[in-house]
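Please keep the sequence and the 3D view open together while reading the points below. They take up a helix first, then another helix, then the cysteines.

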Amino acid sequence: MFSVKPMKPTFKSYLPPVQTDVKKTIEPPIRKVEPKLLSGEIVVNEVNFVRKCISAESSQDDLWGKLICTNFKVSFIPQDALPKQKSQLSHLLLGVHDIPLTCLEQVVTVNDTKGKKKVLGSNQKLKFNPTELILYCKDLRIIRFCFGEAGPESAKKVCLAIAHYSHPADLQLLFGFEYQGRRYHESKEERVHSSNPRVGLQTPIFDRPSDWDREIKRTGASEWRVCSINEGYAISPSLPEYIVVPVSLADQDLKQYSIFFTDNRIPLWCWNHPNGSALVRMASINDPLQQKKTDQRVFTAIIKSHPQRSEVFRSDLDKCLPNIQDIQSAFFKVRQICIIDPFEESEERWLSSIENSRWLEYVRAFLKHSAEMVYCLDGKNASVILQEEEDRDLNCVVSSLVQLMLDPHYRSLIGFQSLVQKEWVMAGHRFLDRCNHLKKNDKVESPLFMLFLDCVWQMMNQYPAAFEFTEAYLTVLSDSMWIPLFSTFLFNSPKQRAKHLMVRHECTVLLAAWTHFLKIQWNRKLSKFFNLYCMYLIV
């Protein structure tokens, strides 16, 4: 018999041996993914197994998690908790992956397999199952989610929910009116006479005579007084209830003149130079027959308020600066360059595209014109009247920039906030329309406040030690426009604001943006809002 060697096994297993120990086979539980909700915030729809695309070049850094739509925001919650970075500026109301619904510009759904794409609006139907969701944001972000592993019906429902809730049919459907958080309501005694040391650093709201009196005293405007003829918005709905006028003009005369101005907006005092020159803003006069007579009376009163009886210089901003449509068109082009069109050209080509948008040209035009008004007030010792048809757009930008250039107080953080409150919020800038919070009329949308912040940023870069606040503060302030919890950037006029803030004679819970910043302002050493190298003392 032949001796046969045993054959070697040819099968090789690539699987690990079966574990017999039960303890070793138990995997750690999957982290429960739940959103952080504010009081009054509810989850409308959600979908699991969503991939958030971080980089367009590679999917290596993409995140997996749950996509949620609430009545306030779009929230993505990663399955794996990310390590906290101490250097980042954390938001008190929003997470890293949260987007307020009012910040959404467009909601776009895509089906790659069918080659279909649709921009969703409110109450629209979606005939295909989306494989991708693209959110274009008003703050120039573009965010992309993929539904490859998610349930198709769940993905469709969450897309439709985001589109619906980002197009509210009425102002009171915004989340701010549902928010059940801390009430922003203080009595007059608490604000003016309180012994609390923080009251002195609160931002004045300019909704009462005492705020205006302090501003008159601070600037030395002895020939100007607080007038209450618009109490209850009896004269004009777009003016504050209390305004500052020349001492030489009687209330009865002001009531008589008001009917000749657009929306009855009589001239508004903004600021006084130490040399006695005044900065005034006013709307156009509707009646050509009354224009010369009314102009003469207004000019005479302003001349009398000057200690040297200097002449008054008037600047018609409608004739020398770009209009709101031009500004919106330029901003739209910048947005196309930055987020919508994939730009793979050279740096020189990119810079030329930015230049062709004319946005920087308009920023320069506003800064240049403001500097010219500064020369009139400071160099020529002349009072200045800024005139615009409605006195609610271009005047807001120029009057603010002039005061920022001339008065160090407005370059402090509290001073800057009081400037925005006085020249934008209380002066009747149409934040609701210009920001298009309700997405009803694109024709009236225009980023005037964004233009102003860009002008301020340009000044900060030229004079970095002259400002107490930082670029981070301007960024957070810009983001606050799209958070519908703040009454500051939500309304078109003081009257509309007062109407919606009063429910059954009680103040609603809508906060002023300045209240949100109060806690951060106190921790000066740690706050990224403060410029530690500022050479000016807080006035």
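1. In this predicted model, 13 of the 13 residues of helix 12 are buried, so helix 12 is largely enclosed by the rest of the structure. Helix 12 covers residues 413-425, and from its first C-alpha to its last it reaches 17 Å, which is close to the 18 Å expected at 1.5 Å a residue.

2. At the N-terminal end of helix 12, please look for Ser412, which caps the helix; a side-chain oxygen of Ser412 lies 3.1 Å from the backbone nitrogen of Gly415.

3. Helix 10, made up of the 21 residues 359-379, reaches 29 Å between its first and last C-alpha, close to the expected 30 Å. Its buried residues include Trp359, Tyr362, Val363, Phe366 and Leu367, and further along the helix Ser370, Met373, Val374 and Leu377 are also among them. In reading such a list it helps to recall that an α-helix has 3.6 residues a turn, so residues three or four places apart point the same way. Just after helix 10, Asn381 takes a positive phi of about 60 degrees.

4. How many disulfides does the structure hold? The structure holds zero, and Cys53, for example, is in no disulfide, the nearest cysteine sulfur being that of Cys146, 3.5 Å away. Because a disulfide requires two cysteine sulfur atoms within 2.5 Å, the 3.5 Å from Cys53 to the sulfur of Cys146 does not qualify.

5. As for surroundings, Cys53 is buried, with a relative accessible area of 11%, and Cys455 likewise counts as buried, at 0% relative accessibility.

How values were computed. Residues are numbered from 1 along each chain as its sequence is written. This is a predicted model: local features need pLDDT of at least 70, side-chain atom pairs count only at pLDDT 80 or more; totals for chains, interfaces and linings use all residues. Side-chain values use heavy atoms; hydrogens and water are left out. Buried means under 20% relative accessible area, exposed over 50%, partly exposed in between (1.4 Å probe, protein chains only). Helices (H or I, at least four residues) and strands (E, at least two) are DSSP runs, numbered from the N terminus. The expected span of a helix is 1.5 Å times one less than its number of residues. A polar contact is a pair of N or O atoms within 3.5 Å; within protein, one must be able to donate a hydrogen and the other to accept it, and residues adjacent in sequence count only if both atoms are side-chain atoms.
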